[in-house]
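Student: I should like to learn how to read the features of a protein model. May we work through one together, beginning with the surroundings of a single residue?

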Amino acid sequence: MKLTVPIALFPLGLIAGTVAFALVFGGPSDPPPMPGMTDPFKTIDFSDLPATRCFAARDGTMLAFRAYTVADGIAKGSVVLVHGSTATSRSMHVLARAFAAVGYAAYALDVRGHGESGARGHIAYVGQLEDDLEDFLRAVKPAHPTTLAGFSAGGGFALRFAGSARQKIFAGYLLLSPFISQNAPAYRPNSGGWVRVGLPRTIAIALLNAIGVRAFNGLPITKFALNEDAGKILTAQYSYALAQNFRPERDYRSNILAVGQPLRLVAGQDDEVFYADRFAEVFKTGGKDIPVTLLPGVGHISLILEQTAVQAAVAAVRNMNEPQAQQLNPARAV
């Protein structure tokens, strides 16, 4: 007997085979380490680093954060700090301490999938990070007005939240050299060498998500340029779910346009990860002409470590929240 197969089944089988191949073999490669992204922290004094505290997220997971109180106990407001890719709350220590010194209670988060918050590199679903942030505010009740400040990937997540339906739970937003999109003019290829993305696997999982299949969202699609020692402490790779959530929405222009709260951006002119001089263009073409401050001689990591840069970030928040503090920032705005 001669076996016949309908011709229409061949394209479907080809597509299924291609997707399966991409899922198995299309993951990210290992980028060469970038010591400049981790070594600067070796010179920082962490002797007064607060111990981590925990709050319960809605799924029962205990998530970590560090709290920085003001000297007299009377806060004029608060700042919630979101670290960059691979990092933990510890990386925001210098910035958090500076906010507390001028009267703003500061809270540095271990975003789920990082540090002491859940399994490294993983979250349960896209949108869980927004739920976690709302749960943090409900549990801790930071002093008002509350500003959300995010650095790098954390800045991208802050933008995601700033354009969401929940944006009004923060009085304002500060983006510190934020990741916007791989399609935005400010993006350097591979984030200047910091990241490698498994594009075939990413596309395959996105196609499956489009038809409601999310079983593969836990597969890694992103690897970061960490050396072996740093990889033992930091988060060396992201699952699809985490990579899609810890950033702006895919349609970043609509995300920008939806922002209704005060928004500021600060970056270093010598940023190695993004084209900092293009941030203003990104927001203007997205429909928001926001204040963008560029700091001469400041790179990506030094933006959250060097005193001139840290003070510029503090000034940006004070300018949003304190009418009498306007024009505190001497850095160049574009």
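Tutor: Certainly. Please keep in mind that this is a predicted model. To describe the surroundings of a residue, one lists its contacts, meaning heavy atoms within 4.5 Å. Leaving aside residues up to four places away in sequence, Thr235 touches Thr86, Gly113, His114, Gly115, Arg120, Gly121, Phe224 and Leu226.

Student: Where does Thr235 lie in the chain, and is Thr235 buried or exposed?

Tutor: Thr235 belongs to the loop between helix H7 (228-231) and strand E9 (237-239). A residue is called buried when its relative accessible area is under 20%. Thr235 has a relative accessibility of 2%, and therefore counts as buried.

Student: Which backbone atom does the side chain of Thr235 reach?

Tutor: The side chain of Thr235 reaches the backbone oxygen of Gly113, at 3.3 Å. Gly113 is also among the residues that Thr235 touches.

Student: May we apply the same reading to Asn245? In which helix is Asn245 placed, and which residues does Asn245 touch?

Tutor: Asn245 is in helix H8 (residues 240-245). Residues up to four places away in sequence again being left out, the contacts of Asn245 are Ile123, Tyr125, Val126, Gly127, Gln128, Leu129, Glu130, Phe157 and Arg160. With Glu130 there is a polar contact between the side chains, at 2.7 Å. Asn245 counts as buried, because its relative accessibility is 0%.

Student: How should I read a distance between C-alpha atoms, such as that of Asn245 and Arg166?

Tutor: One reads the separation in space beside the separation along the chain. Asn245 and Arg166 are 79 residues apart along the chain, and their C-alpha atoms are separated by 15 Å.

Student: Let us turn to salt bridges. How many salt bridges are counted here?

Tutor: A salt bridge pairs a side-chain nitrogen of Lys or Arg with a carboxyl oxygen of Asp or Glu within 4 Å. By this rule the structure has 17 salt bridges. In one of them, the side chains of Glu134 and Arg58 meet at 3.0 Å, N to O. This pair links distant parts of the chain, 76 residues apart: Glu134 is in helix H3, and Arg58 is in the loop between strand E1 (53-56) and strand E2 (62-68). Arg58 is partly exposed, because its relative accessible area is 47%.

Student: How far apart are Arg138 and Asp135 in the sequence?

Tutor: They are three residues apart, about one turn of the helix, and both lie in helix H3. The side chains of Arg138 and Asp135 form a salt bridge at 3.2 Å, N to O. Asp135 has a relative accessibility of 6%, so it counts as buried. A further pair is Asp229 with Lys232, whose closest N and O atoms are 4.0 Å apart; both of these residues are exposed.

Student: Which residues are linked in a network of salt bridges?

Tutor: The network links Arg58, Asp131, Glu134, Asp135, Arg138 and Arg166.

Student: What is the volume of the largest cavity, and which residues lie nearest its centre?

Tutor: The volume of the largest cavity is about 120 Å³, and a search of the whole structure finds one cavity of 30 Å³ or more. Its lining has 13 residues, and Leu109, Val111, Arg112, Asp132 and Leu133 lie nearest the centre. Nine of the lining residues are nonpolar, one is polar and three are charged. Helix H3 (residues 128-140) gives the most to this lining, with four residues.

Student: Finally, what should I look for in the backbone itself?

Tutor: One may look at the peptide bonds and at the phi angles. The peptide bond from His144 to Pro145 is cis, with omega near -5 degrees, and Pro145 lies in the loop between H3 and strand E5 (146-151). Ser177, although not a glycine, has a positive phi of about 40 degrees. Ser177 is in the loop between strand E6 (172-176) and helix H5 (190-193), and counts as buried because its relative accessibility is 0%.

Student: What is phi near in Asn190?

Tutor: Phi of Asn190 is near 55 degrees, again a positive value in a residue other than glycine. Asn190 lies in helix H5 and, with a relative accessible area of 38%, is partly exposed.

Methods:
Residues are numbered from 1 along each chain as its sequence is written. This is a predicted model: local features need pLDDT of at least 70, side-chain atom pairs count only at pLDDT 80 or more; totals for chains, interfaces and linings use all residues. Side-chain values use heavy atoms; hydrogens and water are left out. On a 1 Å grid over the protein atoms alone, a cavity is a set of points where a 1.4 Å probe fits but cannot get out, and a pocket is an open set with protein on both sides within 12 Å along at least five of seven lines; lining residues have an atom within 4 Å of a point. Grid points are joined across faces, edges and corners, and a volume is the space filled by probe spheres set on the points. Helices (H or I, at least four residues) and strands (E, at least two) are DSSP runs, numbered from the N terminus. Ala, Val, Leu, Ile, Met, Phe, Trp, Tyr, Cys and Pro count as nonpolar, Asp, Glu, Lys and Arg as charged, and the others, Gly among them, as polar. Buried means under 20% relative accessible area, exposed over 50%, partly exposed in between (1.4 Å probe, protein chains only). A polar contact is a pair of N or O atoms within 3.5 Å; within protein, one must be able to donate a hydrogen and the other to accept it, and residues adjacent in sequence count only if both atoms are side-chain atoms.
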